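Subject: Handover of a structure for your study

Dear colleague,

Please find below the structure that I am handing over to you. I would ask you to keep it open while you read the notes that follow.

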Amino acid sequence: MIAGFFNPDVTSPEPYIRAYVLLPDVANVWIPLPLLVDTGSGATCVHPHDAVHRLGSRLDDLLDTTRWPGFEVRGGVGGSAAYALTSARYAFRHDDGRVQRIDTELRIAVPTAGNQGLPSILGWDILQHFTFTADWRARIVRLEP
Amino acid sequence: MRRENELTDPEIEAPSVEELDRVRAEADAEDGYFHEHFDELYRTYPEQFIAVKDGEVLTTDPSLFDFCAQLEARGIRPYDVWTTFLTKRGAKLTL
């Protein structure tokens, strides 16, 4: 079981899971990354503040899509958004001490006026590997195999 | 966080629990600071990015571009200090 948490600084439910991410094309380090669980998203995405602060990306690099191995435009309720694609390794720490690794891709949002402060989100590319529980009344957030 | 000149080993194993707990402890210290001081910081710098080092506010700005530029002008990389976006607008988000 992987324990998550609700954002303690807001009064509305925001369920988060802490993942650890390693980007093989960038650096050989595991980075803790809190991800807002979004069951409406097909993919896990990092937004610009986390990209520069946690992943060490430069905003200029994010704007230059020719620097990235892949690139795609995804749709959402706020309209379409552009994402750089890079391979990623995720690690999740179970409460019994096991570490679960998932190799897939990560999408990093190209900065816009509207997405700079958005939380990074955990989508179904990762969620499909787990049973997800979010119980606001009991303040429980968890992923289970 | 990324550090300059760190190259990637093509055969990267799953991290150890000890490694994850070490990097998590660093992140928890940062998250704990912003949670503990959220109300006072939000009163002064609502809906802004903020950088803090050793309890001192280094810079704030509502634009991530300007925020990063201000840090860069001081020779500071955004991943070398504690930063967050001070917001209460989560309930208004529809992702």
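A residue is called buried when its relative accessible area is under 20%, and exposed when that value is over 50%. Please bear in mind throughout that this is a predicted model.

Chain B

With that cut-off, 40% of the 95 residues of chain B count as buried. Chain B contains three helices and three strands, and from the N terminus on its elements follow the order α-α-β-β-α-β. Among the contacts in chain B with a separation of 6 or more, 49% are made by residues 24 or more positions apart.

One residue to examine in this chain is B:L86, which belongs to strand β3 of chain B. Is B:L86 buried or exposed? Its relative accessible area is 0%, so B:L86 is buried. Apart from residues up to four places away in sequence, B:L86 touches B:F38, B:L41, B:Y42, B:Y45, B:P46, B:E47, B:Q48 and B:I50. From B:L86 to B:G55 there are 31 residues along the chain, and their C-alpha atoms are 16 Å apart.

B:D54 offers a contrasting case. This residue sits in the loop between β1 (48–53) and β2 (56–61) of chain B. Because its relative accessibility is 77%, B:D54 counts as exposed. Its phi is near 50°, a positive value in a residue other than glycine. Most residues other than glycine have a negative phi.

In chain A, A:R139 also deserves a look: its phi is positive, at about 55°, although A:R139 is not a glycine. A:R139 is placed in the loop between β10 (131–135) and β11 (140–144) of chain A.

The nonpolar cores

In soluble globular proteins, nonpolar side chains tend to be buried together. In this model, the largest nonpolar core has 42 residues. The residues with the most contacts inside this core are A:I17, A:Y90, A:F92, A:L106, A:I108 and A:L122. A second, separate core has eight residues, including B:Y33, B:F34, B:F38 and B:L86.

To see the surroundings of one of these residues, please select A:Y90. Not counting residues up to four places away in sequence, A:Y90 touches twelve residues that you may highlight, among them A:W30, A:T44, A:Q100, A:R101, A:L106 and A:I126.

A:T86 lies in strand β7 (residues 79–93) of chain A. With a relative accessibility of 2%, A:T86 counts as buried. Leaving aside neighbours within four places in sequence, A:T86 is in contact with A:L23, A:D25, A:W68, A:P69, A:E105, A:L106 and A:I108.

Two residues in loops of chain A

A:H47 is located in the loop between β5 (45–46) and α1 (48–53) of chain A. A:H47 has a relative accessible area of 4% and is therefore buried. A polar atom of the side chain of A:H47 lies 2.8 Å from the backbone oxygen of A:P119. Beyond residues up to four places away in sequence, A:H47 touches A:Y83, A:A109, A:N115, A:L118, A:P119 and A:S120. A:T131 is 84 residues from A:H47 in sequence, and the two are 25 Å apart in space, C-alpha to C-alpha.

A:S120 lies in the loop between β8 (99–109) and β9 (121–122) of chain A. Since its relative accessibility is 0%, A:S120 counts as buried. Which side chain makes a polar contact with the side chain of A:S120? The partner is the side chain of A:D50, at 2.7 Å. Without neighbours within four places in sequence, the contacts of A:S120 are A:P34, A:L35, A:L36, A:C45, A:V46, A:H47 and A:D50.

The largest pocket

Rolling a probe the size of a water molecule over the atoms shows where empty space is left. The largest pocket holds about 780 Å³ of space. Its lining consists of 33 residues, and those nearest its centre are A:N7, A:D9, A:Y16, A:R54 and B:T84. At least two lining residues each come from β3 (15–22) and α1 of chain A and from α1 (17–36) and β3 (82–86) of chain B. Which element gives the most to the lining? α1(B) does, with seven residues. By class, the lining comprises twelve nonpolar, eleven polar and ten charged residues.

Yours sincerely,
A colleague

Note on methods. Residues are numbered from 1 along each chain as its sequence is written. Chains are lettered from A and ligands numbered from 1 in the order in which they are written. This is a predicted model: local features need pLDDT of at least 70, side-chain atom pairs count only at pLDDT 80 or more; totals for chains, interfaces and linings use all residues. Side-chain values use heavy atoms; hydrogens and water are left out. Helices (H or I, at least four residues) and strands (E, at least two) are DSSP runs, numbered from the N terminus. Buried means under 20% relative accessible area, exposed over 50%, partly exposed in between (1.4 Å probe, protein chains only). Contact means heavy atoms within 4.5 Å. A polar contact is a pair of N or O atoms within 3.5 Å; within protein, one must be able to donate a hydrogen and the other to accept it, and residues adjacent in sequence count only if both atoms are side-chain atoms. On a 1 Å grid over the protein atoms alone, a cavity is a set of points where a 1.4 Å probe fits but cannot get out, and a pocket is an open set with protein on both sides within 12 Å along at least five of seven lines; lining residues have an atom within 4 Å of a point. Grid points are joined across faces, edges and corners, and a volume is the space filled by probe spheres set on the points. Ala, Val, Leu, Ile, Met, Phe, Trp, Tyr, Cys and Pro count as nonpolar, Asp, Glu, Lys and Arg as charged, and the others, Gly among them, as polar. A nonpolar core is a set of buried Ala, Val, Leu, Ile, Met, Phe, Trp, Tyr and Cys residues joined through side-chain atoms within 4.5 Å.
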